[in-house]
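Please open the model in your viewer and keep the selection panel within reach. The stops below are meant to be followed in order.

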Protein chains: 2
Amino acid sequence: MAPARDSSSLLREAGLRATAARVALLNALCATHKPLKAAELRRSAGRGMDLVTVYRAMDALEKAGLAKRIGVDRTSASWEFAHRAHHHHLVCRGCGELEDVGECAVEGLEKRVLGKSKRFASVSDHSLEFFGTCRDCASAARAA
Amino acid sequence: MAPARDSSSLLREAGLRATAARVALLNALCATHKPLKAAELRRSAGRGMDLVTVYRAMDALEKAGLAKRIGVDRTSASWEFAHRAHHHHLVCRGCGELEDVGECAVEGLEKRVLGKSKRFASVSDHSLEFFGTCRDCASAARAA
DNA sequence: TCCCTATTGCAAATGACTTGCATAAGCATA
DNA sequence: TATGCTTATGCAAGTCATTTGCAATAGGGA
Ligand SMILES: [Mn+2]
Ligand SMILES: [Mn+2]
Ligand SMILES: [Zn+2]
Ligand SMILES: [Zn+2]
């Protein structure tokens, strides 16, 4: 999708060195619609690199606001490209299938939540995930 | 708070053996308002037990619906007593300070989210956390 | 092109959680 | 209350994602 030149610019505009590893990872991230785990990112990057490099690069991309860490899986992290509107996810408890949920009815709530709190000075963001069962898992369960 | 007798009954009503470890853990969980990590639970239980026992017991309590796992900390799980109304949390990015958020404006959304999805058969629940800065961390930051 | 500094690879360390197996309780029953 | 089957626990070892230390390498401004 996004040509390498774009990723390089994005990186430099974000104040990061446009290293080969970061460019490849950012391209991989843009090329797909779904969140990718560290190992998947390395594979998708199509360029040999150490897993440690993936972790360090994703840390950098995350801090720079280019990638967003998704905590949907309890045992491992995944990231998605951050230049997309704020959204949430619908996740299948059976197979991990994941779908974007565009709607966010929570945004206005942050202020109200802060207003009701005595101990907090500010609320900056939130995470919201919906869990359920996808059609495939539902029919598999029915068949069993 | 809850006397040992209560925890034993709760456990047995949930179809679990009321072992000493589980009773102590459930008591510890009821005695506090905040989610506890595995190591904290063991300490609070006031009774020597292996960490493995904590994990296995919390698994059991969770499946039985007596405890709820909280995923607020990326590096470790914590649990809170489950016999409380559905609620969410406000978490301090600085120190981990945590506060209950009673309000849930999301409940009605589950149906709408399911309605908009083509690949999902059902939505069973959701997780919602608010992140921000507590007053202490805010003034500490100001002082620095 | 040169130099300084940020980044990478490799190897080793962490740390939360799991698993296997033998022993010690629960608790239903007699 | 004693018995016996079944499940829970302790201990030791294993797993696995993620982190850290350090020397070698490669961005990119001058
Ligand atoms: Mn998404
Ligand atoms: Mn709570
Ligand atoms: Zn939102
Ligand atoms: Zn809710």
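The tour goes from the DNA strands to the metal sites and then to the sheets.

Before selecting anything, bear in mind that this is a predicted model, in which local features need pLDDT of at least 70 and side-chain atom pairs count only at pLDDT 80 or more, while totals for chains, interfaces and linings use all residues. Residues are numbered from 1 along each chain as its sequence is written, chains are lettered from A and ligands numbered from 1 in the order in which they are written, and side-chain values use heavy atoms, with hydrogens and water left out.

**DNA strand C**

Select DNA strand C and the 20 residues around it, of which A:Arg22, A:Thr53, A:Arg56, B:Arg12 and B:Ala18 come nearest; a residue counts as near if one of its heavy atoms lies within 4 Å of the molecule or strand. Of the atoms of DNA strand C that come within 4 Å of the protein, 62% belong to sugar and phosphate.

Now display the polar contacts (pairs of N or O atoms within 3.5 Å; within protein, one must be able to donate a hydrogen and the other to accept it, and residues adjacent in sequence count only if both atoms are side-chain atoms). At A:Arg22, a side-chain N or O atom is 2.4 Å from a phosphate oxygen of DNA strand C. Backbone atoms take part as well: an N or O atom of the A:Asp50 backbone lies 3.2 Å from a phosphate oxygen of this strand, and for a backbone N or O atom of B:Ala77 the distance to a phosphate oxygen is 3.0 Å.

Colouring by secondary structure (helices, H or I, of at least four residues and strands, E, of at least two, taken as DSSP runs numbered from the N terminus) brings out helix 2 (20-31) and helix 4 (51-63) of chain A and helix 4 (51-63) of chain B, each of which supplies at least two residues of the surface near DNA strand C. That surface holds eight nonpolar, five polar and seven charged residues, where Ala, Val, Leu, Ile, Met, Phe, Trp, Tyr, Cys and Pro count as nonpolar, Asp, Glu, Lys and Arg as charged, and the others, Gly among them, as polar.

**DNA strand D**

Move next to DNA strand D, which has 19 residues around it, with A:Ala18, A:Tyr55, A:Ala77, B:Arg22 and B:Thr53 coming nearest. Sugar and phosphate make up 62% of the atoms of DNA strand D that come within 4 Å of the protein.

Which atom of DNA strand D lies 2.8 Å from a polar side-chain atom of B:Arg17? It is a base oxygen, whereas a polar side-chain atom of A:Arg12 lies 2.9 Å from a phosphate oxygen, and one of B:Thr19 likewise lies 2.9 Å from a phosphate oxygen. Helix 4 of chain A, together with helix 2 (20-31) and helix 4 of chain B, gives two or more residues per element to this surface.

**The manganese ions**

Select ligand 1, a manganese ion whose protein donors are A:Glu80 (OE), A:His87 (NE2), A:His89 (NE2) and A:Asp100 (OD), at 2.2 to 2.3 Å. Donors are N, O and S atoms within 2.8 Å of the metal (3.2 Å for Na, K and Ca), and sites may look incomplete because water is not among the atoms. The donor residues follow the spacing E-x6-H-x1-H-x10-D.

Ligand 2, also a manganese ion, is coordinated by B:Glu80 (OE), B:His87 (NE2), B:His89 (NE2) and B:Asp100 (OD), at 2.2 to 2.3 Å. Here B:Glu80 and B:His89 are both buried, where buried means under 20% relative accessible area, exposed over 50% and partly exposed in between (1.4 Å probe, protein chains only).

**The sheets**

Show the open sheet of six strands in the order 5(A)-4(A)-6(A)-6(B)-4(B)-5(B), with mixed pairing; two strands pair if DSSP finds at least two bridges between them. Strand 5 of chain A and strand 5 (98-101) of chain B stand at the edges with a single partner strand each, so one side of each has no neighbour in the sheet. Within this sheet, strand 4 (residues 88-92) and strand 6 (residues 120-134) of chain B pair in the parallel sense over four bridges, and B:His89 stands opposite B:Glu129 in strand 6 of chain B.

Finish at the open antiparallel sheet of chain B, whose three strands have the order 1-3-2. Strand 2 and strand 3 (residues 78-81) of chain B pair over four antiparallel bridges, with B:Trp79 in strand 3 as the bridge partner of B:Arg69.
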